[in-house]
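Hi everyone, thanks for coming. I'd like to walk you through one structure today, so let me put it up on the screen.

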Amino acid sequence: MNPEAPFPRLTGSADVSVRPARPDDAAEVARVQVVTWRTAYRGVLPMAVLDNWDADAATAAWRRAVETPPTPGHGVMVALEGQTVVGFAAFGTAELTSDEQPHAAGPSSELSTLLVEPRWGRRGHGSRLLAAVTDVVRASGAVRLPTWVLEPDRVSAGFYQSTGWAPDGWARTLETGEDPLREIRWHTLLDEEGTSTP
């Protein structure tokens with residue numbers, strides 16, 4: 001995703017905003033990721049994942065995601081409070097599960113992650129990120145946007161439900177080396193007016 005390309009919708013104000021991520025945002029994106037995971041997913045994700053976090057490797061991975069996305073349909077957006085990165089969302093080409101046919105509505109993009117650092121929660125950053133991703137993927141031709149949510153994560157499930165998303169009937173199990181983690185897939189269909197429907 002070209003950070004200099006026109007953005008489909010002005011999102012936010014001088015104090016709160018969303019924009020495409022830049023390479024020098026990578027360290028802050030990695031920081032938001034680990035802080036949010038350690039706060040929201042302790043007791044859910046394996047302790048080794050949370051406690052043995054490699055900040056340098058995570059920063060390098062996010063820098064690559066911004067600088068050289070695997071496809072033109074991949075991108076990273078950041079939410080800002082002033083000039084501080086407080087959240088981010090990443091998206092890309094949707095991958096079908098085994099034995100799954102393409103959705104009848106048309107092409108899908110996938111929201112791979114959307115995280116807002118907990119201390120910046122409840123200020124609309126998640127909604128602005130979701131709106132920005134929706135605009136970008138719709139402009140690319142997608143008509144459907146799914147995401148995977150850890151089954152114990154009722155906060156994220158509640159957020160998606162409040163914005164018009166719903167489970168689509170698919171689930172998967174992640175092998176973590178400890179207890180397997182079950183994820184539920186949520187989705188929304190994107191209409192031409194910019195709203196979403198389950």
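Let me begin with a question for you: is Glu183 buried or exposed? Glu183 is buried, with a relative accessible area of 9%. By buried I mean under 20% relative accessible area, with exposed being over 50% and partly exposed in between, using a 1.4 Å probe and protein chains only.

Before going further, a word on what we are looking at. This is a predicted model, where local features need pLDDT of at least 70 and side-chain atom pairs count only at pLDDT 80 or more, while totals for chains, interfaces and linings use all residues. Residues are numbered from 1 along each chain as its sequence is written, and side-chain values use heavy atoms, with hydrogens and water left out.

Back to Glu183, then. Its partner is Arg172, and the two form a salt bridge whose closest N and O atoms are 2.6 Å apart. A salt bridge here is a side-chain nitrogen of Lys or Arg within 4 Å of a carboxyl oxygen of Asp or Glu. Arg172 sits in strand β6 and Glu183 in strand β7, so this pair ties together parts that are eleven residues apart in sequence. Helices (H or I, at least four residues) and strands (E, at least two) are DSSP runs, numbered from the N terminus. Unlike Glu183, which is buried, Arg172 is partly exposed at 33% relative accessibility.

There is another bridge between those strands. Arg185 pairs with Asp168, again with the closest N and O atoms 2.6 Å apart. Arg185 belongs to β7 and Asp168 to β6 (residues 166-174), and their positions lie 17 residues apart in the count along the chain. Arg185 is buried, at a relative accessible area of 3%.

How many salt bridges does this rule give? The count comes to nine. One of them joins the side chains of Arg31 and Glu28, at 3.0 Å from N to O. These two are three residues apart in helix α1 (residues 26-40), which means about one helical turn separates them. Both are partly exposed: Arg31 has a relative accessible area of 24%, and Glu28 comes in at 30%.

Staying with α1, let's check its geometry. The expected span of a helix is 1.5 Å times one less than its number of residues. For the 15 residues of α1 that should be 21 Å, and the end C-alpha atoms are indeed 21 Å apart. Its buried residues are Ala26, Val29, Ala30, Val32, Gln33, Val34 and Thr36. The buried residues of α1 pack against α3, β2, β3 and β4.

Now the core. In soluble globular proteins, nonpolar side chains tend to be buried together. I'm calling a nonpolar core a set of buried Ala, Val, Leu, Ile, Met, Phe, Trp, Tyr and Cys residues joined through side-chain atoms within 4.5 Å. The largest one has 25 residues, and Leu111, Leu114, Leu129, Val133 and Tyr160 touch the most other members. Its largest share, six residues, comes from α4. Leaving aside neighbours within four places in sequence, Leu129 is in contact (heavy atoms within 4.5 Å) with residues including Val18, Met77, Phe88 and Leu114. Apart from this core lies another, of 20 residues, among them Leu50, Val76, Val85 and Leu115.

On to the aromatics. Rings of Phe, Tyr and Trp (its six-membered ring) pair if their centres lie within 6.5 Å; planes under 30 degrees apart count as stacked, over 60 as edge-to-face and the rest as tilted. How many aromatic pairs does a search of the whole structure find? It finds four. Trp37 and Trp53 are edge-to-face, at 5.7 Å centre to centre and 80° between the planes. Trp62 and Phe88 have ring centres 5.0 Å apart and planes at 70°, so that pair is edge-to-face too. Trp62 is in helix α3 and Phe88 in strand β3, 26 residues apart, and both are buried. Finally, Phe159, Tyr160 and Trp165 form one aromatic cluster.

One last stop is Pro70, in the loop between α3 (55-67) and β2. Pro70 is exposed, with a relative accessible area of 64%. Its C-alpha atom is 9.4 Å from that of Thr93, 23 residues away along the chain. Thanks for listening!
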